[in-house]
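The following exercises are to be worked with the sequence and the coordinates at hand. Each task is followed by a solution in steps.

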Amino acid sequence: MKSIMFESLADRNFSVYLIRDLDAEVTKEDIEDVVEKIKNIPIHFATIDLGYTTLREFNETYLAHVLKQYEIPYFTVELPHYVKGHYSSQITEIQNKYVELKSTYDSLKDKNSPGAQELSYLIDYYSNELMELKHYINSQVRTDAITKRILEVLKDREDKEITFVHFGEENSFMEIMKQMKEANIKANILFIQKSKFLN
């Protein structure tokens, strides 16, 4: 990663960290460089959206090692188990229906028959339903859990001039920022795209 850039995102109280070359591989030296730079800001703590990574897996990453090395406290966020179970079973059910319909459709010789057209419609329907459900989980359920966790970490701190870094997925940054504003949080947030650092 040749260049590190901090760029303002929509509000002077919020910042986002961007990587110019999104195809570039992130090395251990890059991770150390980023953590050293955020340590000098100074950052009070970090929050990490674990996504589908377990806490045990995250604690074995080089990022976790470097955060500990630089003595930056970090707090992880994951969806509650009942939420994961509920949505996981819904996703599995929709995927199974989709696979079954697709398999039946692919085996048909006449793709123009009314039955084939009905199958094609149902395949599109379940495909869209799956996309919408995944989008809802990522844009709403996950960001709600992240904001709730950040607010929990912030509530016991007397110092209101707090700057922290959040490692998460880029598509959740704007919603988190919006929810933080609605909660009247004045802290500075530095967003870093997690996927570049947990590969």
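A salt bridge is taken here as a side-chain nitrogen of Lys or Arg within 4 Å of a carboxyl oxygen of Asp or Glu. The model to which this rule is applied is a predicted one.

**Exercise 1. Salt bridges**

Task: State how many salt bridges the rule yields, and characterise the one between Arg-142 and Asp-49.

Solution.
- Step 1. Under the criterion above, the count is five salt bridges.
- Step 2. Arg-142 and Asp-49 join through their side chains with an N to O distance of 3.3 Å, which satisfies the cut-off of 4 Å.
- Step 3. Arg-142 belongs to helix H5 (residues 114–155) and Asp-49 to strand E3, so that distant parts of the chain, 93 residues apart, are linked.
- Step 4. Both Arg-142 and Asp-49 are buried.

Task: Determine how far apart in helix H4 Lys-102 and Asp-106 are, and whether Lys-102 is buried or partly exposed.

Solution.
- Step 1. The closest N and O atoms of Lys-102 and Asp-106 are 3.2 Å apart, and the two residues form a salt bridge.
- Step 2. Because they are four residues apart in helix H4 (residues 81–107), about one helical turn separates them.
- Step 3. Lys-102 has a relative accessibility of 30% and therefore counts as partly exposed; Asp-106, at 45%, is also partly exposed.
- Step 4. A further salt bridge joins the side chains of Glu-175 and Lys-178 at 3.9 Å, N to O. Both residues lie in helix H6, three residues apart, about one turn of the helix.

**Exercise 2. The surroundings of strand E3**

Task: Establish how many residues of E3 are buried and which way each of them points.

Solution.
- Step 1. Five of the five residues of E3 are buried.
- Step 2. In a regular strand, side chains alternate between the two faces of the sheet.
- Step 3. Accordingly, Phe-45, Thr-47 and Asp-49 point one way, while Ala-46 and Ile-48 point the other way.
- Step 4. E3 pairs with E5 in the parallel sense over four bridges, and Ala-46 has Val-165 of E5 as its bridge partner.
- Step 5. E3 also pairs with E4 in the parallel sense over four bridges, with Thr-47 opposite Phe-75.

**Exercise 3. Aromatic pairs**

Task: Give the number of aromatic pairs in the structure and classify the pair of Phe-45 and Phe-164.

Solution.
- Step 1. There are five aromatic pairs.
- Step 2. The rings of Phe-45 and Phe-164 are 4.9 Å apart, centre to centre, with 5° between the planes, and the pair is stacked.
- Step 3. Since Phe-45 lies in strand E3 (residues 45–49) and Phe-164 in strand E5 (residues 163–168), the pair ties together parts that are 119 residues apart in sequence.
- Step 4. A contrasting geometry is edge-to-face: Phe-58 and Tyr-74 have 5.4 Å centre to centre and 80° between the planes. Phe-58 is in helix H2 (residues 55–59) and Tyr-74 in strand E4 (residues 74–77), 16 residues apart.
- Step 5. Ring pairs also link Phe-45, Phe-75 and Phe-164 into a cluster.

**Exercise 4. The buried face of helix H6**

Task: Identify which residues of H6 are buried and where they lie around its axis.

Solution.
- Step 1. In H6 (residues 173–182), the buried residues are Phe-173, Ile-176, Met-177, Gln-179 and Met-180.
- Step 2. Viewed down the helix axis, these residues fall within an arc of 165°, and therefore line one face of H6.
- Step 3. After H6 comes Asn-184, whose phi is positive, near 60°.

Notes
Residues numbered from 1 in each chain as written. Predicted model: local features only at pLDDT ≥ 70, side-chain atom pairs only at ≥ 80, totals over all residues. Heavy atoms only, no water. Buried < 20%, exposed > 50% of the residue type's maximum accessible area, 1.4 Å probe, protein only. Helix = DSSP H or I, 4+ residues; strand = E, 2+ residues; numbered from the N terminus. Arc of directions from axis to C-beta. Phe/Tyr/Trp six-rings, centres within 6.5 Å; stacked < 30°, edge-to-face > 60°. Pairing = 2+ DSSP bridges.
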